[in-house]
Structure formats: structure tokens, C-alpha cells
Amino acid sequence: MDSNAYRSELDRVRYTKTGREALTDRLMRTQGVERGRRRAGWPRKMMAAAVAAVVLVGTAAAAAGPLWERYFGRLDEDQQAVINNLSAAPEALPAAESHGTVMTPLAAFGDQDFYYLMLEIRAPEGTVLPDYGEDEGYYQLFGDELGEKITLTDEDGQELPRYVEFEWMPRTGEDNVLTAVLRLWPAEGVDFSDGTDKVLHIPGLWVQSPDKVYTPVLTGGWDFNIGAHCGNVEIRELDVTGVTQGTEEFGTLVLDSLRLSPLGMRWRAHWTSPQEGIWPGAEIAVMMEDGREVSLDSTMGGCQEDWSEDYGPFETPIDLNQVTAVRWGGVLIPVEGE
């Protein structure tokens with residue numbers, strides 16, 4: 001994939017040169033595969049121009065929490081309960097088969113802003129999907145030719161803007177099976193919570209060499225309607241009236257809105273003294289009953305000269321009933337319990 005494809009879109013938005021290059025690199029990495037867990041945060045200036053939402057779909061709730069420990073790591077009972085509540089019925093996303101390869105959603109869940117799909121890829125018996133070292137290449141869920149990309153389309157077949165990143169889970173020991181977790185970030189106002197059909201299309205499996213040569217392994221078409229099903233989503237819109245903080249360079253930074261969910265946060269702010277080509281930022285995190293402070297895994301957002309809107313997921317789901325406050329820079333915003 002040519003990074004210029006990203007740069008041509010990003011040039012329409014006002015970024016510093018450094019920020020634009022860093023964002024391009026980030027988007028290229030999220031399209032790729034890394035063997036380890038990606039846990040590096042995304043600096044505020046490395047924003048993608050996206051304001052988005054995602055709805056949940058999924059599989060059997062009873063096993064959802066423990067299954068996701070393969071991705072998130074150890075989950076406590078409250079975190080498992082959150083995932084169970086966000087997971088939909090098992091029939092929501094049936095398996096799909098193409099050319100003898102079966103792709104099966106093992107689990108899926110989400111809320112307005114974030115969507116996670118754990119997908120098992122089972123090649124025909126006798127097929128060997130080898131492990132690759134970093135100097136040999138790595139698996140991709142897309143190729144580099146026309147028609148070989150992951151797409152998301154609405155009920156009329158129109159493609160919806162979105163970002164997709166994925167990670168490979170540890171192998172189970174079966175030579176013909178791989179498991180990936182996809183995280184979707186819709187863009188440009190796409191609303192996944194409206195209950196309409198949204199079909200995620202996986203074109204197959206490729207191996208990308210270190211020299212960016214793509215070799216097809218499994219090709220065909222596997223479709224999953226992730227937009228027509230949802231579970232129990234708890235969202236809290238916090239009262240941020242009068243929440244401000246002073247800055248030396250940008251004047252007064254004003255928080256306009258803040259939405260909190262078990263999976264992440266979305267917030268909008270503006271400032272009184274715009275500066276050419278740069279934007280202010282305030283660190284944001286939630287404060288838990290036990291004294292822990294939980295930050296976001298990464299963020300995306302959109303901005304103009306004097307305002308910005310950002311959203312991002314937590315590293316692991318949280319129980320909203322255990323949140324006491326949100327820290328925005330040096331300001332604590334109380335979170336009222338239900």
C-alpha cells in the first residue's frame with residue numbers, strides 16, 4: 001500500500017508537516033500486522049481527520065469475557081461483565097465460507113464509537129499457514145491491487161469511510177488456523193448506531209514481504225453484516241458547563257462536551273486564541289474508585305483553527321459504575337453514579 005494514498009487525503013486538512021507525516025506512518029502501521037500488542041499512545045497532534053461512531057454486534061455473551069483475554073490480557077469480573085453486556089446474540093454474525101476457507105466471528109462487541117471483531121480464519125484441511133519471522137514477512141487481510149482491500153458498505157452498496165486496524169492472536173497449534181482481532185474506527189460522520197445494514201468485506205489473506213511485495217494466500221469474499229445488531233450500551237453525557245483551563249499560548253481552553261462509555265471517551269473543546277498550524281491539547285483520563293487512573297489507548301479526531309473533537313478507546317473496558325471523575329488536564333469533572 002502506497003503511503004501517498006493517505007497523504008493525498010490528509011493534505012486537505014490543516015496539519016503541521018511533522019504531524020501529517022507521523023499520522024501517515026500511524027495509518028500505515030495500523031493497516032499492517034505486528035506480532036506484539038500495540039499499546040503506544042497517539043500524541044495529540046497526530047490526529048486523523050475523523051469524527052465517527054460504531055455500533056456493537058457479537059456472539060455468545062457467556063463466553064465473551066474470557067475469550068477476549070486473548071486480546072486485552074487479564075480481565076476482572078467487572079470487565080468481563082461489561083463485555084458480556086455489550087455482546088449481541090450468537091446468530092448476529094454467522095460464519096462465511098469462500099473457496100473452502102471459513103471465517104468465523106468468535107466474538108464481537110462495541111458501542112457508539114468503537115467496534116471489535118475477533119475473527120477465526122480456517123483454511124481447508126491440509127493447508128499450512130506458516131509462522132513468519134520479521135525478516136520474512138507478515139500476514140495481511142488485504143492486498144495491493146484494485147479490489148483487494150477491506151471495505152465497509154451500506155445497504156445500498158455504497159462504501160462507508162472507516163479506518164481498520166488488526167492484530168493477530170497467539171496460534172492455537174492448528175497449522176491451518178489464524179485468528180485476528182479487528183478494531184474499526186468509522187470516519188466522516190458514519191453512524192453505526194442507526195441499526196442499518198453495514199457489511200464488512202474481507203477479501204482474503206496475503207503475505208507482505210519486508211519489501212512490500214504482496215503474495216496471495218487465500219482469496220475470495222467473506223462478508224459480515226456488523227450494522228444490524230446491537231446489545232446493551234451505557235453512555236453518559238457529562239455536564240461540562242463552565243469547565244475551562246488557562247494556557248499560555250492559546251488563551252482559555254473550554255470543554256464543550258464529554259461523552260463516556262465503558263470502551264472510551266469522546267470530547268469537544270475550543271480555545272480563545274488560535275495559533276497557525278498548531279492546536280492545544282489536555283491530557284484526559286478517568287479516575288476509578290480504587291484510585292487508579294485509566295488513560296486512553298490512542299485517539300483520533302478532527303479540528304479546525306479554534307476547535308477540536310477527539311475520541312479514543314481505553315486499553316481495556318471499564319465499569320462506569322466505578323468511575324468517580326474524569327481528569328481533563330488539571331480539572332476534575334465528577335461522574336455521577338446511576
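Residues are termed buried when their relative accessible area is under 20%, and in this predicted model the criterion is met in helix α5 (residues 77–86) by Gln 79, Gln 80, Val 82, Ile 83 and Leu 86. Viewed down the axis of α5, these buried residues fall within an arc of 155°, so they line one face of the helix. The N-terminal end of α5 is capped by Asp 76, a side-chain oxygen of which lies 3.1 Å from the backbone nitrogen of Asp 78.

Further along the chain, four strands form an open sheet in the order β15-β14-β18-β19, with antiparallel pairing. The edge positions are taken by β15 (293–295) and β19 (331–334), each of which pairs on one side only, and the twist from one strand to the next averages 30°. Within this sheet, β14 (residues 284–288) is joined to β18 (residues 323–328) in the antiparallel sense over five bridges, and Ile 284 stands opposite Trp 328 of β18.

Backbone geometry was also examined in the loops. Most residues other than glycine have a negative phi. By contrast, His 99, which is not a glycine, has a positive phi near 55°; His 99 is located in the loop between β1 (96–98) and β2 (101–110) and is exposed, with a relative accessible area of 66%. A positive phi of about 65° is likewise found at Lys 212, again a residue that is not a glycine, and Lys 212 belongs to the loop between β8 (198–208) and β9 (214–225). With a relative accessibility of 47%, Lys 212 counts as partly exposed.

How values were computed. Residues are numbered from 1 along each chain as its sequence is written. This is a predicted model: local features need pLDDT of at least 70, side-chain atom pairs count only at pLDDT 80 or more; totals for chains, interfaces and linings use all residues. Side-chain values use heavy atoms; hydrogens and water are left out. Two strands pair if DSSP finds at least two bridges between them. Helices (H or I, at least four residues) and strands (E, at least two) are DSSP runs, numbered from the N terminus. Axes are lines fitted to C-alpha atoms, for helices over the stretch in contact, and angles run from 0 to 180 degrees between N-to-C directions. Buried means under 20% relative accessible area, exposed over 50%, partly exposed in between (1.4 Å probe, protein chains only). The arc is that of the directions from the helix axis to the C-beta atoms. A polar contact is a pair of N or O atoms within 3.5 Å; within protein, one must be able to donate a hydrogen and the other to accept it, and residues adjacent in sequence count only if both atoms are side-chain atoms.
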